[in-house]
Amino acid sequence: MENILEVKNLSKKFENSKFEISDVSFDVPRGTIFGMIGENSAGKTTILKLIMNAYGRDSGKVTAYGNVDNIRDEPEFKNRTGFVVEDYLYDTISVKRIAQAFSCAFSNWKQEIFDKYINQWNIDTTQYCSQLSKGAKIKVMIALALGHQPEMLILDEPTDGLDPHARAELLDIFREFVSDGEKSVIFSTHITSDLDKTADYIAVVSNGKITEVLTADETQEKYAVVSGDKTDGIEKYLIGMKKSEIGYEGLVLRENLAYFDDVTVRNPTYEDILMYTISGKRGE
């Protein structure tokens with residue numbers, strides 16, 4: 001399967017901070033939805049900004065669409081990539097004016113696509129951005145990103161601030177976007193149920209590193225969640241667990257299930273992966 005994005009050994013240190021992005025590598029195949037999970041301040045947003053060259057990298061390489069480098073070919077890279085991170089809308093400008101600016105900045109701008117989503121979400125384009133709710137602002141930025149017909153969407157917490165109906169609607173848009181097998185979506189989220197419903201791959205981010213990249217099938221094949229009464233003698237096989245008055249629940253490698261007796265076993269969700277592999281907390 002052809003990759004739409006390749007990130008190789010990406011690293012970045014920040015002055016006056018102990019935090020750094022260290023040797024991050026991953027590929028995103030065409031026609032897929034690629035999710036990133038991690039605790040707050042794990043580095044998800046920073047990795048996405050490095051891909052978009054919002055921060056200059058110290059080392060590594062980011063290429064897309066064959067051999068388009070995110071620094072050497074930055075205008076082409078950004079023209080072909082829809083990007084939504086944080087709130088970049090100016091409060092004193094109307095939605096209509098923002099769209100006009102995008103139409104000048106991007107060569108593939110198509111007003112009909114922007115209008116389709118704005119009308120679908122009942123957003124008044126004469127409103128100033130300061131008048132929009134948080135959820136409406138996210139929708140406007142998504143519509144702007146889709147309006148210049150990108151081949152790849154890169155989104156940071158795109159469903160944050162949306163009600164359940166709007167979240168489901170947006171996830172449907174992502175699935176439709178990648179349905180031709182040529183385009184891809186990369187998004188970070190703390191709402192792990194969104195990834196359970198849509199993601200073909202997940203990257204686990206911790207302390208500025210990607211510790212693991214898994215497909216949905218690989219997640220089920222590699223891990224299991226066990227629950228039981230006693231942890232005597234088996235704690236060393238638990239990746240992480242939580243205890244209560246009635247027993248424990250924890251994440252384990254399926255290859256170690258033979259060491260567990262009298263337990264209930266279920267398939268893990270991405271929330272389990274986030275809770276147990278990233279935090280690694282035991283006994284809480």
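**Exercise 1.** Which residue in β4 does Val7 stand opposite?

*Solution.* The model is predicted: local features need pLDDT of at least 70, side-chain atom pairs count only at pLDDT 80 or more, and totals for chains, interfaces and linings use all residues. Residues are numbered from 1 along each chain as its sequence is written, and side-chain values use heavy atoms, with hydrogens and water left out.

Step 1. Identify the strands, which are DSSP runs of E with at least two residues, numbered from the N terminus. Strand β1 spans residues 3–13 and strand β4 spans residues 59–64.

Step 2. Establish the pairing, which requires that DSSP finds at least two bridges between two strands. Five bridges join β1 and β4 in the antiparallel sense.

Step 3. Locate the partner: Val62 in β4 stands opposite Val7.

**Exercise 2.** Describe the connection between β4 and β5.

*Solution.* Step 1. Strand β5 covers residues 68–69 and runs antiparallel to β4, with two bridges between them. Thr63 faces Asp69 of β5.

Step 2. The two strands form a hairpin with three residues between them. In the turn, Tyr65 has a positive phi of about 55 degrees.

**Exercise 3.** Why is strand β11 largely enclosed by the rest of the structure?

*Solution.* Step 1. Apply the burial criterion: buried means under 20% relative accessible area (1.4 Å probe, protein chains only). Five of the six residues of β11 (residues 223–228) are buried, so the strand is largely enclosed.

Step 2. List its partners. Strand β13 (residues 247–253) pairs antiparallel with β11 over six bridges, and Glu249 in β13 is the bridge partner of Ser227. Strand β14 (residues 264–266) also pairs antiparallel with β11, over three bridges; there, Arg266 stands opposite Val225.

Conventions:
Helix = DSSP H or I, 4+ residues; strand = E, 2+ residues; numbered from the N terminus. Buried < 20%, exposed > 50% of the residue type's maximum accessible area, 1.4 Å probe, protein only.
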